[in-house]
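Grab a pencil and have a look at the model below. Try each exercise yourself before you read its worked solution.

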Amino acid sequence: MFPNSILGRPPFTPNHQQHNFFALSPTLYSHQQLIDAQFNFQNADLSRAVSLQQLTYGNVSPIQTSTSPLFRGRNCVEFDLNVNNIVGIRNTFLLRTYAYLENRVRPLVLVIKKWASHHDINDASRGTLSSYSLVLMVLHYLQTLPEPILPSIQKIYPESFSPAIQLHLVHQAPCNVPPYLSKNESNLGDLLLGFLKYYATEFDWNSQMISVREAKAIPRPDGIEWRNKYICVEEPFDGTNTARAVHEKQKFDIIKDQFLKSWHRLKNKRDLNSILPLRAAILQR
């Protein structure tokens, strides 16, 4: 079951007539074998079966900072388990589609996640960026290049990624999307440098919101969720702010400063080791 999901084949799906749904996804995609698992139960009284807030079993522990029931564990593989997070099931397949849409997406995402982790700006529980927000930031950058590397697949294939699609059908969406042929021939090094420069000098954090759904930066909404937020990253399905964990100016300044420092360092040295030492990257595997 796990290897098939890691290879990008449709994940295991139980009989949907029993009113539940299960989705598996590697976290876009690494040799660490970190698995995101999503369970959805309908017409079931979960409280009679298990108290989700009190569950601690073996190597599985609840993550108290999550906005939905989330558990983290490690056995043969490290995994995150969500319960009744329907949006999480939909965005799992959206991200997987983007990951296989263009060959440069996955390696670029992996390097940027390792870079962010190495510099301590990839931990939502500590007020910095979640991995999901980082992935959306990478996709957004690739969509907004003068010659885009990615489109908005929600715009091109609305019937495949509509929030109205029944959950037991969402795993079919990636099968309907062919590879995207971009005229942009930039190599991974240039794209990494451009990513750092974009968020260090070009993106307007004060007035803009990152939108993968629209494939562009859009004005911040005026709703209460977006006021006084330092980073705004739109969740592609429910429109919430995936970067709401960054709620302290000090942490925001650290994130911005790291983008700027890394951009200058990589631009001058032209060596990945200058911002992500090889030894550190290996130890994070």
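**Exercise 1.** How are helix 4 and helix 7 oriented to each other?

*Solution.* Keep in mind that we're working with a predicted model.
- Step 1: Find the two pieces, helix 4 at residues 105–118 and helix 7 at residues 188–202.
- Step 2: Two packed helices are described by the angle between their axes and the distance between the axes.
- Step 3: For this pair the angle is about 50°, and the axes lie 10 Å apart.
- Step 4: Angles under 35 degrees count as roughly parallel, and 65 to 115 as roughly perpendicular. An angle of about 50° fits neither range, so helix 4 and helix 7 are oblique to each other.
- Step 5: As for handedness, helix 4 passes helix 7 in a right-handed crossing.

**Exercise 2.** Which residues make the contact between helix 4 and helix 7, and how do they divide into nonpolar, polar and charged?

*Solution.*
- Step 1: On the helix 4 side, pick out Pro 107, Leu 108, Val 111, Ile 112 and Trp 115.
- Step 2: Helix 7 brings Leu 188, Leu 191, Leu 192, Phe 195 and Leu 196.
- Step 3: Sort them, and you get 10 nonpolar residues, no polar ones and no charged ones.

**Exercise 3.** Now do the job again for helix 4 and helix 5: at what angle do their axes cross, and which residues meet?

*Solution.*
- Step 1: Helix 5 covers residues 131–143, and its axis comes within 10 Å of the axis of helix 4.
- Step 2: The two axes cross at roughly 130°, which makes helix 4 oblique to helix 5.
- Step 3: The crossing of helix 4 past helix 5 is right-handed.
- Step 4: Helix 4 puts in Val 105, Leu 108, Val 109, Ile 112, Lys 113 and Ala 116. They meet Ser 131, Leu 134, Val 135, Val 138, Leu 139 and Leu 142 of helix 5.
- Step 5: This contact divides into 10 nonpolar residues, one polar and one charged.

**Exercise 4.** How many disulfides are there in the whole structure, and is Cys 175 buried or exposed?

*Solution.*
- Step 1: Searching the whole structure turns up zero disulfides.
- Step 2: Cys 175 has a relative accessible area of 60%. Exposed means over 50%, so Cys 175 is exposed.
- Step 3: Try Cys 232 too: its relative accessibility is 1%, so Cys 232 counts as buried.

**Exercise 5.** What does the chain look like overall, in helices and strands?

*Solution.*
- Step 1: Count nine helices and seven strands.
- Step 2: Of the 285 residues in the chain, 46% are buried.

Key. Residues are numbered from 1 along each chain as its sequence is written. This is a predicted model: local features need pLDDT of at least 70, side-chain atom pairs count only at pLDDT 80 or more; totals for chains, interfaces and linings use all residues. Side-chain values use heavy atoms; hydrogens and water are left out. Axes are lines fitted to C-alpha atoms, for helices over the stretch in contact, and angles run from 0 to 180 degrees between N-to-C directions. Helices (H or I, at least four residues) and strands (E, at least two) are DSSP runs, numbered from the N terminus. Angles under 35 degrees count as roughly parallel, over 145 as roughly antiparallel, 65 to 115 as roughly perpendicular and the rest as oblique. A crossing is left-handed if the near helix is turned anticlockwise from the far one by less than a right angle, and right-handed if clockwise. Contact means heavy atoms within 4.5 Å. Ala, Val, Leu, Ile, Met, Phe, Trp, Tyr, Cys and Pro count as nonpolar, Asp, Glu, Lys and Arg as charged, and the others, Gly among them, as polar. A disulfide is a pair of cysteine sulfur atoms within 2.5 Å. Buried means under 20% relative accessible area, exposed over 50%, partly exposed in between (1.4 Å probe, protein chains only).
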